[in-house]
Amino acid sequence: MNSFISFLALSAGCISVSAFSSSIHYLTTTTSSSTSLTLTLYGSQGSRSPLVNWAANELDLTLTMGDLAKNPHPFKQIPCLTDDNDVVVFESGAILNYLQLKADEKKDDIDAKKSAAITSWISWANASLDPICFLETPDGKV
């Protein structure tokens, strides 16, 4: 949990988001265990997708980048995440919550109190920091 809370704290500072967004490399690795899920992210650097990449990295989860032409989001927006269990998650806050759940399952560390705290911070950050951290350019990019 400490690394994810650190992730949230750093993203709350906004400086980290802009500083890291250009240096985040999308992770593409194969899963090492037959019980591991393949998490596929449909996104781009010009969206909130780098936050998802960053969180996955902090949580030691492997992401594969998906073909945007095959994006399963009902309105073809990004970011959108899928896994091998036919789960489709969209909206960055919902994806961050899902990644935390996957990391907790991986560690067999499911804790309602921790989950509530993380969900609270993700919700607060999305509601309060979004207008400050993610400024839209004239061409509609973040």
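At the start of α5, which backbone nitrogen does a side-chain oxygen of Asp111 reach? The partner is the backbone nitrogen of Lys113, and the oxygen comes to within 2.9 Å of it. This report on a predicted model begins with that helix and then moves to the helices packed beside it, the strands and the loops.

**Overall layout**

The chain contains five helices and four strands. In sequence order these elements follow the pattern α-α-β-α-β-β-β-α-α. Of the 142 residues in the chain, 36% are buried.

**Helix α5**

Helix α5 covers residues 112–133. Its buried residues are Lys114, Ile118, Ile122, Ala125, Leu129 and Cys133. An α-helix has 3.6 residues a turn, so residues three or four places apart point the same way.

The structure has one aromatic pair. Trp121 and Trp124 form this pair, with 5.6 Å between the ring centres and 80° between the planes. Why is the arrangement called edge-to-face? The planes are 80° apart, and an angle over 60 degrees counts as edge-to-face. As for their placement, Trp121 and Trp124 sit three residues apart in α5, and are therefore separated by about one helical turn. Both tryptophans have some access to the surface: Trp121 counts as partly exposed because its relative accessibility is 48%, and Trp124 counts as partly exposed because its value is 39%.

The helix is also bent. At Ala127 there is a kink of about 40° in α5, and the proline Pro131 follows shortly after.

**Packing of α3, α4 and α5**

Helix α4 spans residues 92–107, and its axis comes within 10 Å of the axis of α5. The two axes cross at roughly 160°, so α4 and α5 are roughly antiparallel to each other. The crossing of α4 past α5 is right-handed.

On α3 and α4, the axes again come within 10 Å, but the crossing angle is roughly 10°. These two helices are therefore roughly parallel to each other. The passage of α3 across α4 is right-handed.

How much of helix α3 is buried? Eight of the 10 residues in α3 (residues 49–58) are buried, and the helix is mostly covered. The buried residues are Ser49, Pro50, Leu51, Val52, Asn53, Trp54, Ala55 and Ala56. After α3 comes Asp60, which has a positive phi near 60°.

**Strands and loops**

Strand β1 consists of residues 39–42 and includes Tyr42. Tyr42 counts as buried because its relative accessible area is 11%. The C-alpha atom of Tyr42 lies 9.4 Å from that of Lys76, although the two residues are 34 residues apart along the chain.

Lys76 belongs to the loop between β2 and β3. Its phi is positive, about 60°, although Lys76 is not a glycine. Is Lys76 buried or exposed? Lys76 counts as exposed because its relative accessibility is 54%. Pro79 is found in the loop between β2 (63–65) and β3 (80–82). The peptide bond joining Ile78 and Pro79 is cis, with omega about 0°.

The loop between β3 and β4 holds Asp86. Asp86 is a residue other than glycine with a positive phi, near 60°. Asp86 is exposed because its relative accessible area is 74%.

Phe90 is part of strand β4, which runs over residues 88–90. With a relative accessibility of 31%, Phe90 counts as partly exposed. Phe90 and Pro74 are 16 residues apart in sequence, and their C-alpha atoms are 9.1 Å apart in space.

The table gathers the accessibility values for the residues discussed one by one above.

| Residue | Relative accessibility | Class |
|---|---|---|
| Trp121 | 48% | partly exposed |
| Trp124 | 39% | partly exposed |
| Phe90 | 31% | partly exposed |
| Lys76 | 54% | exposed |
| Asp86 | 74% | exposed |
| Tyr42 | 11% | buried |

Methods: Residues numbered from 1 in each chain as written. Predicted model: local features only at pLDDT ≥ 70, side-chain atom pairs only at ≥ 80, totals over all residues. Heavy atoms only, no water. Phe/Tyr/Trp six-rings, centres within 6.5 Å; stacked < 30°, edge-to-face > 60°. Buried < 20%, exposed > 50% of the residue type's maximum accessible area, 1.4 Å probe, protein only. Bend = angle between axes of the 7 residues up to and from the residue. Polar contact = N/O pair within 3.5 Å; in protein donor to acceptor, adjacent residues only side chain to side chain. Axes fitted to C-alpha atoms, helices over the stretch in contact; angles between N-to-C directions. Parallel < 35°, antiparallel > 145°, perpendicular 65-115°, else oblique. Left-handed = near helix turned anticlockwise from the far one by under 90°.
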